[in-house]
Amino acid sequence: MNWAVTTYDSAFGYVSAHGAPLVDLLDPQPGERIIDLGCGTGTFAAEIAERGAEVLGIDGSPEMLAQAAAQHPGLSFVVGDAHDFTTTDPFDAVASNAALHWMTRDPDAVIARVHAALRPGGRFVGELGGAGNCAELIVAMQTAWRVFGLGEPELPWYFPSPAEYAKRLEDGGFTLRLLEHADRPSRMTEGPNGAADWVSAYAPRALADVPPELVEPLLARINDLAAPALRRESGWVADYVRLRFAAVRKPDRAGPMPDGPPLAGGPGLGTDPGL
Ligand SMILES: C[S@@+](CC[C@H](N)C(=O)[O-])C[C@H]1O[C@@H](n2cnc3c(N)ncnc32)[C@H](O)[C@@H]1O
């Protein structure tokens, strides 16, 4: 999709702000080699680098990366799709903030690429939208689309349940160490026009299919529909639900036992090991 790069940091900085606790969960160590997958404008990558790690930011959007490189000239960024990126040397960790739910084509392929990029024992730490994320915003959007006779809007996100994502990680060769699924109501401090601004920023492809003369009334209707649940006296609040996880790449499987004569019973065999 085309990200509104110039407005992304200023208008929706809260996406990055919520990456803060994730860096502690990742716990980057000086000298570690870490990928920030779906790095956007590089805010989270910079936090990781501040801990002394060597960071490579990967993102599918050249426009986002141009901004990242301008803002963080000391860091490395490369354009790549999370579904099929490859690396030469293994990394110690892959981290991802607010990006995995945009990688909708094949979540298992993304997990497989992360696995391939990590050394055995390497960490995969991420935060993404979980099941129920932005439910009020999405219902307002869907209702408004129907009210205007537009059918169903195309929703570009993947918000998995904890059970589903845990299974994908385990099946993909990871041991899950932590998984949280939590409400994270978030002030839309710099998206003053609330739900309408949110849809314009995050669902531009759905809006692109709307006849131009309907866009403004449609957005106004979305605000009317979402306001009872999401507008407070102090401003709009997005009904975020986050899935946060930390997983470790399992060791490579040992090869098959070589053929040979059965082990001779030693003194300890067959006795209580005393544990
Ligand atoms: C909401 S932004 C989050 C950016 C950043 N991680 C942060 O915390 O601010 C999502 C990012 O994921 C990137 N993205 C989406 N799909 C991708 C894909 N298939 N491969 C690589 N990056 C992707 C987008 O280009 C965008 O920069």
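This report walks through the fold, one helix pair and a few individual residues of a predicted model.

## Overall picture

Let us start with the whole chain. The protein has 275 residues, and buried residues make up 47% of them. Its secondary structure comprises 11 helices and eight strands.

Contacts that reach across the sequence are well represented here. Taking contacts between residues at least 6 apart in sequence, 76% join residues at least 24 apart. Two such separations in sequence, one of 27 residues and one of 78, come up again below.

## Helix α5 and the loop residue G40

Helix α5 spans residues 62–71, and its buried residues are M64, L65, Q67 and A68. These residues lie on the same side of α5, because they cover an arc of only 160 degrees around the axis.

A useful partner to look at is G40, which sits in the loop between β1 (33–37) and α4 (43–50). With a relative accessibility of 8%, G40 is buried, because the cut-off for that class is under 20%. Leaving aside residues up to four places away in sequence, G40 touches D59, M64, L65 and A68. M64, L65 and A68 are also among the buried residues of α5. As for Q67, its C-alpha is 8.4 Å from that of G40, although the two residues are 27 apart in sequence.

## How α9 and α11 cross

Next comes a helix pair that is handy to view along the line between the two axes. Helix α9 covers residues 194–202 and helix α11 covers residues 212–230; their axes come within 7 Å and cross at roughly 125 degrees. The two helices are therefore oblique to each other. The crossing in which α9 passes α11 is right-handed.

Which residues of the two helices meet? On the α9 side they are G194, A195, A196, V199 and S200, and on the α11 side L219, I222, N223 and A226.

There is also a link in space between α11 and another helix. T143 belongs to helix α7, residues 135–147. The C-alpha atoms of T143 and R221 are 9.0 Å apart, while the sequence separation is 78 residues. Residue R221 falls within the span of α11, residues 212–230. T143 has a relative accessibility of 26% and so counts as partly exposed.

## Two residues with positive phi

If you check backbone torsions, two residues deserve a look. As background, most residues other than glycine have a negative phi. D27 has a phi near 50 degrees, a positive value in a residue other than glycine. C134 is another case, with phi near 55 degrees.

Both residues are in loops: D27 lies between α3 (20–26) and β1, and C134 lies between β5 (118–129) and α7. Are they buried or exposed, or partly exposed? D27 is partly exposed, with a relative accessible area of 40%, whereas C134 is buried at 1%.

## Cysteines

C134 brings us to the cysteines. C134 is buried, as already noted, and C39 is buried too, with a relative accessibility of 7%.

How many disulfides does the model contain? The count is zero, because a disulfide would need a pair of cysteine sulfur atoms within 2.5 Å.

Note on methods:
Residues are numbered from 1 along each chain as its sequence is written. This is a predicted model: local features need pLDDT of at least 70, side-chain atom pairs count only at pLDDT 80 or more; totals for chains, interfaces and linings use all residues. Side-chain values use heavy atoms; hydrogens and water are left out. Buried means under 20% relative accessible area, exposed over 50%, partly exposed in between (1.4 Å probe, protein chains only). Helices (H or I, at least four residues) and strands (E, at least two) are DSSP runs, numbered from the N terminus. The arc is that of the directions from the helix axis to the C-beta atoms. Axes are lines fitted to C-alpha atoms, for helices over the stretch in contact, and angles run from 0 to 180 degrees between N-to-C directions. Angles under 35 degrees count as roughly parallel, over 145 as roughly antiparallel, 65 to 115 as roughly perpendicular and the rest as oblique. A crossing is left-handed if the near helix is turned anticlockwise from the far one by less than a right angle, and right-handed if clockwise. Contact means heavy atoms within 4.5 Å.
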